[in-house]
Amino acid sequence: MNKQEKVIGVLGGMGPEATASFFYKLIHSTKGVKKDQDHFRIFIDNNPKIPDRTKAILGEGESPLPALIETAKNVEKAGADVIAVPCITSNYFLKEVQKEVTIPIADVFAELDKYLRQDPNNIKKVGVLCTTGTRKTELFQNKLDAFEIFYPSPDTQKAKVMEAIYGPEGIKQGNIGNVPKRLLQEAALELINAGVDVIISGCTEIELALKQEDVTIPLIDPMQVLAESLTRNT
């Protein structure tokens, strides 16, 4: 299958702005584009009705699994050859989703692991900013087992990282300005002071507010890594 034939499906809506950001990443990661027809065909089901993944993992809300499966089937039926999911926390549920569709769900952790291993700077210590749900599942420790994973302190996780994402002036409220940026910068500084080599934006909302120029060490966006892999592979 050549590049022009591959159709990418996006299981989106978690949240909508993160999905829109991923769509742009796919567009801008596509090489050799000279006209509209050189881009990939992409089907997006932006389903913000999928129940909150972190609440489900913490036992505070309903499971998103039925809605994830339904949405994955939608993009499969639309004609996608592969499914991308721009939500890190949802990876906790994707093994079960994969059982219900016949096309592959792209593995963001596999691509991230490959990216980190190939980095010439010999990365050893990886700092992660993510939701408490992702942190509790130990997805990063399990999937990136060649690296030492660092998180902010529990107090910083709650008062800064989760506040930046879910708070009244947080990213999920549509705010990507100074308040969430400052909170995430402070959380990132704690990781930098702990001696990490890189920081991973381990939630798709984080990259909307925290940019490379806001921190002094490399900031890695897993969704950028995934977009580049999807548009590179044929």
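Me: Why is A164 called buried or exposed?
Reply: A164 is called buried because its relative accessibility is 0%, and buried means under 20% relative accessible area, exposed over 50% and partly exposed in between, with a 1.4 Å probe and protein chains only. The model is a predicted one, in which local features need pLDDT of at least 70 and side-chain atom pairs count only at pLDDT 80 or more, while totals for chains, interfaces and linings use all residues. Residues are numbered from 1 along each chain as its sequence is written, and side-chain values use heavy atoms, with hydrogens and water left out.

Me: What makes up the surroundings of A164, and in which helix is A164 placed?
Reply: A164 lies in helix α8, residues 154–166; helices (H or I, at least four residues) and strands (E, at least two) are DSSP runs numbered from the N terminus. Setting aside residues up to four places away in sequence, A164 touches G170, I171, P180, L183 and L184, where contact means heavy atoms within 4.5 Å. The C-alpha atoms of A164 and E205 are 9.2 Å apart in space, with the two positions 41 residues apart in sequence numbering.

Me: Why does D52 count as buried, exposed or partly exposed?
Reply: D52 has a relative accessible area of 19% and is therefore buried, the limit being under 20%. D52 belongs to the loop between β2 (41–46) and α2 (53–57). Not counting residues up to four places away in sequence, D52 touches E62 and Y166. The C-alpha atoms of D52 and M14 are separated by 8.1 Å, and the two residues are 38 apart along the chain.

Me: What is the class of E100, and why?
Reply: E100 is partly exposed because its relative accessibility is 40%, a value in the class between buried and exposed. E100 sits in the loop between α4 (94–98) and α5. Apart from neighbours within four places in sequence, E100 is in contact with I69 and K73. I69 is 31 residues from E100 in sequence and 6.7 Å away, C-alpha to C-alpha.

Me: What makes the backbone of N122 and of E138 worth noting?
Reply: N122 has a positive phi of about 55° although it is not a glycine. E138, likewise not a glycine, has a positive phi of about 60°. N122 is found in the loop between α5 (108–118) and β4 (125–129), and E138 in the loop between α6 (132–137) and α7 (139–143). With a relative accessible area of 51%, N122 is exposed, whereas E138, with 40%, is partly exposed.

Me: Which peptide bond is cis, and what is its omega?
Reply: The bond from M14 to G15 is cis, with omega near -10°. G15 is in the loop between β1 (7–12) and α1 (16–29).

Me: How many cavities are counted, and what is the volume of the largest cavity?
Reply: Three cavities of 30 Å³ or more are counted. On a 1 Å grid over the protein atoms alone, a cavity is a set of points where a 1.4 Å probe fits but cannot get out, and lining residues have an atom within 4 Å of a point. The largest cavity holds about 70 Å³, a volume being the space filled by probe spheres set on the points, which are joined across faces, edges and corners.

Me: Which residues line the two largest cavities?
Reply: The lining of the largest cavity includes M14, R53, Y166 and E205. That lining divides into five nonpolar, four polar and three charged residues, with Ala, Val, Leu, Ile, Met, Phe, Trp, Tyr, Cys and Pro as nonpolar, Asp, Glu, Lys and Arg as charged, and the others, Gly among them, as polar. The second largest cavity has a volume of about 40 Å³. Its lining residues include I8, H39, F40 and T231, and the lining has five nonpolar, three polar and no charged residues.

Me: How do you know that the protein chain agrees with a compact globule?
Reply: The chain of 234 residues has a radius of gyration of 17 Å, and a compact globule would have one near 17 Å, so the two agree. The radius is taken over C-alpha atoms, and the globule rule is 2.2 Å times the number of residues to the power 0.38. Of the 234 residues, 54% count as buried.

Technical notes:
On a 1 Å grid over the protein atoms alone, a cavity is a set of points where a 1.4 Å probe fits but cannot get out, and a pocket is an open set with protein on both sides within 12 Å along at least five of seven lines; lining residues have an atom within 4 Å of a point.
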